[in-house]
Amino acid sequence: MALHEYECPACGGAMEFNPKTQKIKCPYCDSEFDVKDYVANHSASSDNVSAENYETAQGDQPMFIYSCGSCGGEILATESLGSMKCPFCSNNIVVSEKFNGKFAPDYIIPFTKTKDDAMQAYKSYVKSKRLLPKVFFDENHIDEIKGVYVPFWLYDSTQHYSGTFAGTKIRTWRDSNYNYTETSHYHIERSGYESFEKVPVDGSKEMPDDLMESIEPFDQKAMVPFNMGYLAGFLANKYNVTSQESRDRAIKRMSTSAITDFKSTIHGYNTLRPTAESCTTSDEKVKYALYPVYVLNTTWKEINYLFAMNGQTGKFVGNLPFSAVQASKYYFPIAGITAVIAFAVLTLFF
Ligand SMILES: [Zn+2]
Ligand SMILES: [Zn+2]
């Protein structure tokens, strides 16, 4: 596997993407570059050793071991993780194969919120909660907020709707002798099409859907062609749910919306009954994009609490304890390999 590093051409330092300036910046000598001008300038290759026997809390994902091209330290990561920070030397590393070929994203929404913004949002959020245990306020813990690019499929399609309905309008009145009821019967037809663009469905098995939905929407106008430079300093995962596997969910979302829209144009009837309805799909297209999210996972009394913030708009949610078990598997997958060695040693001696 090819490991890609963001070595500063001026001083050799590890460069990072700066959400404020939207440039890639060296924190040591302050050199800055436009991301679109940025090209890979330093690559190393690493034997990606499969760490099959490594028992972790990371769930079912296979683990891999990479060796850092800068310090030689060995890094343990999940199979999906493609952008990470070396836990020993803080070098920013991308495993190129996770973002090339069939894994190459078409677009990316770059982070516009900084980690500081996320930490501030988190602090005012927990401050507003009373009687939270100390762990939620611990600075070292808050510093664990991580910026993650989440894989998304974006679907286009045209939904062709056709529906017929039987409707009635009822009129009642009375005179001195009788009560009258007049029922008029109507045949109602609606047909037409509605086009949808870039409807997002997340492309990761571990990603809690309720979490992503609660920090939506993302502004797709800010989406730019993918460049690896945007990943520098952030975690990023490749998709592990294919566009084909997510398709049904996306089409369902679009057809449901089209059906609702057409039906909402029918009103004024006392009763309404569909007699025939259909919705078919054409002009399907799918693109692959990465979306920016900040997350912080807190465990207290064996329950996981999740704080997540949209890395583009700053919208955040807190307290999603039921999903957080999944999220923690997804978001915190990097560890130094020393842990593996300790594990091996323990196995030998006990
Ligand atoms: Zn530099
Ligand atoms: Zn390193």
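**Figure 1. Helix 4 and the elements that cover its buried residues.** At 1.5 Å a residue, the 21 residues of helix 4 (residues 243–263) should span 30 Å, and because the end C-alpha atoms of helix 4 are 29 Å apart, the expected span and the model agree. The model shown here and in the views that follow is a predicted one. The buried residues of helix 4 are Ala250, Met254, Ser255, Ala258 and Phe262, and what covers these buried residues includes strand 12, strand 13 (179–202) and strand 16.

**Figure 2. The whole chain, as a setting for the close-up views.** The chain has 6 helices and 19 strands, and buried residues make up 33% of its 350 residues. When contacts between residues at least 6 apart in sequence are considered, 70% of them join residues that are at least 24 apart.

**Figure 3. Strand 16 and its partner strands.** Which strands pair with strand 16, and in which sense do they run? Strand 12 (residues 146–174) is joined to strand 16 by 22 bridges, and these two strands run antiparallel; within this pair, Gln159 stands opposite Thr281 in strand 16. Strand 17 (residues 303–310) also pairs with strand 16 in the antiparallel sense, over 8 bridges, and here the bridge partner of Tyr294 is Met309 in strand 17. Strand 11 (residues 107–108), by contrast, runs parallel to strand 16 and is joined to it by 2 bridges, with Tyr107 standing opposite Ala289 in strand 16. In a regular strand, the side chains alternate between the two faces of the sheet.

**Figure 4. The hairpin turn between strand 16 and strand 17.** Strand 16 and strand 17 form a hairpin in which 2 residues lie between the strands. One residue to look for in this turn is Lys301, which has a positive phi of about 50°.

**Figure 5. Ala289 in the largest nonpolar core.** The largest nonpolar core has 67 residues, and among its members Ala289, Tyr291 and Ala308 touch the most others. Strand 16 (residues 271–300) gives the most to this core, with 8 residues. Once residues up to four places away in sequence are left out, Ala289 touches Pro105, Asp106, Tyr107, Ile108, Ile109, Phe152, Leu154 and Met223; one of these, Tyr107, is also the residue that stands opposite Ala289 where strand 11 and strand 16 are joined. As a general background to such a view, nonpolar side chains in soluble globular proteins tend to be buried together.

**Figure 6. An open sheet of 3 strands.** This sheet has the strand order 2-3-4, with antiparallel pairing. Strand 2 and strand 4 stand at the edges and have a single partner strand each, so one side of each is left without a neighbour in the sheet. On average, and with direction ignored, neighbouring strands of this sheet are turned by 35° against each other. Strand 3 and strand 4 pair in the antiparallel sense over 3 bridges, and the bridge partner of Lys23 in strand 4 is Asp34.

**Figure 7. Gln22 and Asp30, two residues with positive phi.** Gln22 is found in the loop between strand 2 (16–18) and strand 3 (23–25), and its phi is positive, at about 60°, although Gln22 is not a glycine. Is Gln22 buried or partly exposed? Gln22 counts as partly exposed because it has 16 C-beta neighbours inside 10 Å, a number that falls between the cut-offs of 12 or fewer for exposed and 20 or more for buried. Asp30 has its place in the loop between strand 3 and strand 4 (32–34), and its phi, near 65°, is likewise a positive value in a residue other than glycine. Asp30 is exposed, because 11 other C-beta atoms lie within 10 Å.

**Figure 8. A cis peptide bond before Pro217.** The peptide bond that leads from Glu216 to Pro217 is cis, with omega near 0°. Pro217 lies in the loop between helix 3 (209–215) and strand 14 (224–225).

**Figure 9. Where the prediction is confident and where it is not.** The chain averages a pLDDT of 83, and 84% of the residues score at least 70. Confidence is highest in strand 11, at 96, and lowest in helix 6 (residues 338–349), at a mean of 40. Over residues 320–334 the pLDDT stays under 50, and for this stretch the model has 46 contacts beyond four places in sequence. Over residues 336–350 the pLDDT is also below 50, and this second stretch has 12 contacts in the model beyond near neighbours in sequence. Where pLDDT is low, the predicted coordinates should not be read in detail.

Key: Residues numbered from 1 in each chain as written. Chains lettered and ligands numbered in written order. Predicted model: local features only at pLDDT ≥ 70, side-chain atom pairs only at ≥ 80, totals over all residues. Helix = DSSP H or I, 4+ residues; strand = E, 2+ residues; numbered from the N terminus. Pairing = 2+ DSSP bridges. Axes fitted to C-alpha atoms, helices over the stretch in contact; angles between N-to-C directions. Core = buried A, V, L, I, M, F, W, Y, C linked by C-beta atoms within 7 Å. Contact = placed C-beta atoms within 7 Å. pLDDT = per-residue confidence, 0-100. Expected span 1.5 Å × (residues − 1).
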